[in-house]
Amino acid sequence: MKCPFGRSAFAALWLSASLAGCATVEQPDPLEKLNRKVFAFNETVDEYVIAPPARAYRKVVPSMVRLGVDNFFNNLRDVWSAVNLVLQGRLDASASDVMRFGTNTVLGLGGFVDWASELGLEPHYEDFGQTLGVWGFNAGAYLVLPILGPSSVRDAIGLPADILASPDQIADTVRLRNSLTGLRIINTRAGLLDATGLLDDIALDKYSFVRDAYLQRRRSLVEDGKRHGAAAEEDYIPPEPAAAASAAVPAASEPLAPASSPAADGKP
């Protein structure tokens with residue numbers, strides 16, 4: 001099932017699997033028999049229920065409008081991402097996501113235009129499953145959820161919190177909430193039609209390909225969060241006594257170091 005993934009998430013997932021040489025990576029999968037049945041069910045639902053309207057939607061709706069819809073939902077995701085970053089101890093990154101939300105809401109027509117990325121405020125898109133991973137919870141067994149698709153025991157535990165904080169929940173009526181959910185799913189699926197078509201063509205075992213790529217991607221995200229969290233705790237390093245006095249006042253010709261550097265934020 002492809003609808004849970006955003007375009008950037010799927011691209012990263014695809015790259016992760018491609019870097020592995022498109023070879024199947026051995027992963028613990030004690031629930032494989034059940035997972036394959038759910039995966040087949042999801043594929044059927046996608047083929048007959050989700051993909052057809054997504055194709056029609058892509059033909060009718062211009063690409064710039066579809067991008068605007070993506071930006072709108074991603075802008076609302078930044079708020080939940082900021083909360084998770086606080087829970088992970090990454091306060092600078094959380095502040096960046098808050099600034100993204102404010103910038104795109106005010107200057108980007110409610111989030112339909114992503115001005116924040118143009119200004120160098122890149123998104124993080126953290127979820128509660130990643131937060132649990134940063135806290136030290138193991139991923140557990142790979143799990144394919146009906147309709148929702150690839151997951152793990154840990155991510156499934158975090159899923160209710162993510163759903164309650166999802167952009168659809170801003171609606172105060174059931175009809176509007178369902179409409180937003182449908183729009184988000186169809187718009188996301190429309191953006192994945194080409195990529196998933198290619199996946200159908202090249203994957204000898206589609207289930208294994210998706211499983212390995214998903215687990216690699218989630219492991220990478222959690223390890224990145226742990227690394228940044230550890231860096232935040234180590235920001236202050238007491239100077240050697242002999243160097244304390246000279247370090248207190250920088251030379252007149254020496255520029256003051258910025259509070260955070262691109263390297264500290266994981267950017268090149």
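K206 counts as buried, at 13% relative accessibility. In this predicted model, K206 forms a salt bridge with D200, and the closest N and O atoms are 2.3 Å apart. D200 itself is partly exposed, because its relative accessible area is 44%, whereas buried means under 20%. So one end of this pair is buried, with K206 at 13%, and the other is partly exposed, with D200 at 44%.

**More salt bridges**

The count for the whole model comes to 16 salt bridges. Here are three of them, side by side.

| Pair | Closest N and O atoms |
|---|---|
| D200 and K206 | 2.3 Å |
| R227 and D224 | 3.2 Å |
| R90 and E126 | 3.7 Å |

The R227 and D224 pair is a local affair: both residues lie in helix α10 (residues 206-233), three residues apart, about one turn of the helix. R227 is exposed, since its relative accessible area is 53% and exposed means over 50%. D224 is partly exposed, with a relative accessible area of 26%.

Now for R90 and E126, which form a salt bridge with their closest N and O atoms 3.7 Å apart. This pair links distant parts of the chain: R90 is in the loop between α3 and α4, while E126 is in the loop between α5 (115-118) and α6 (128-134), 36 residues apart. Are R90 and E126 buried or exposed? Both are buried.

There is also a salt-bridge network, which links D127, R154, D155 and R218.

**Rings**

Searching the whole structure turns up six aromatic pairs. One of these is F72 with F73, an edge-to-face pair at 5.3 Å centre to centre with 70° between the planes. Both F72 and F73 are buried. F72 also pairs with F112, this time stacked, with 5.0 Å centre to centre and 20° between the planes. F72 lies in helix α3 and F112 in the loop between α4 and α5, so this pair ties together parts that are 40 residues apart in sequence. Going by accessibility, F72 counts as buried at 18%, and F112 counts as partly exposed at 39%.

Elsewhere, ring pairs join F39, Y142, Y207 and Y214 into a cluster. A charge gets in on the ring business too: R77 lies over the face of Y125, at 4.2 Å from the ring centre.

**Nonpolar cores**

As background, nonpolar side chains in soluble globular proteins tend to be buried together. Which residues touch the most other members of the largest nonpolar core here? They are Y57, F73 and I186, out of 13 residues in that core. The elements giving two or more residues to this core are α2 (32-60), α3 (63-87) and α8 (174-191).

F73, already met as the edge-to-face partner of F72, has a set of contacts farther along the chain. Leaving out residues up to four places away in sequence, F73 touches P167, D168, L180, L183 and R184. A second, separate core has eleven residues, among them V38, Y142, V144 and Y214. Two of those names, Y142 and Y214, also appear in the ring cluster with F39 and Y207.

**The hairpin**

Strand β1 (residues 142-145) and strand β2 (residues 149-152) pair in the antiparallel sense over four bridges. V144, one of the second core's residues, has P150 in β2 as its bridge partner. The two strands form a hairpin with three residues between them, and I147 in the turn has a positive phi of about 70°.

**Around helix α4**

T103 is found in helix α4 (residues 91-107). T103 is buried, because its relative accessible area is 16% and the cut-off for buried is under 20%. What does T103 contact, apart from its neighbours within four places in sequence? The list is G108, W115, A116, L119 and L121.

G120 is found in the loop between α5 and α6. At 38% relative accessibility, G120 counts as partly exposed. The C-alpha atoms of G120 and S96 are separated by 9.8 Å, with the two residues 24 residues apart along the chain.

Terms used:
Residues are numbered from 1 along each chain as its sequence is written. This is a predicted model: local features need pLDDT of at least 70, side-chain atom pairs count only at pLDDT 80 or more; totals for chains, interfaces and linings use all residues. Side-chain values use heavy atoms; hydrogens and water are left out. Buried means under 20% relative accessible area, exposed over 50%, partly exposed in between (1.4 Å probe, protein chains only). Contact means heavy atoms within 4.5 Å. A nonpolar core is a set of buried Ala, Val, Leu, Ile, Met, Phe, Trp, Tyr and Cys residues joined through side-chain atoms within 4.5 Å. A salt bridge is a side-chain nitrogen of Lys or Arg within 4 Å of a carboxyl oxygen of Asp or Glu. Rings of Phe, Tyr and Trp (its six-membered ring) pair if their centres lie within 6.5 Å; planes under 30 degrees apart count as stacked, over 60 as edge-to-face and the rest as tilted. A charge sits over a ring if NZ of Lys or CZ of Arg is within 6 Å of the ring centre and within 35 degrees of the ring normal. Two strands pair if DSSP finds at least two bridges between them.
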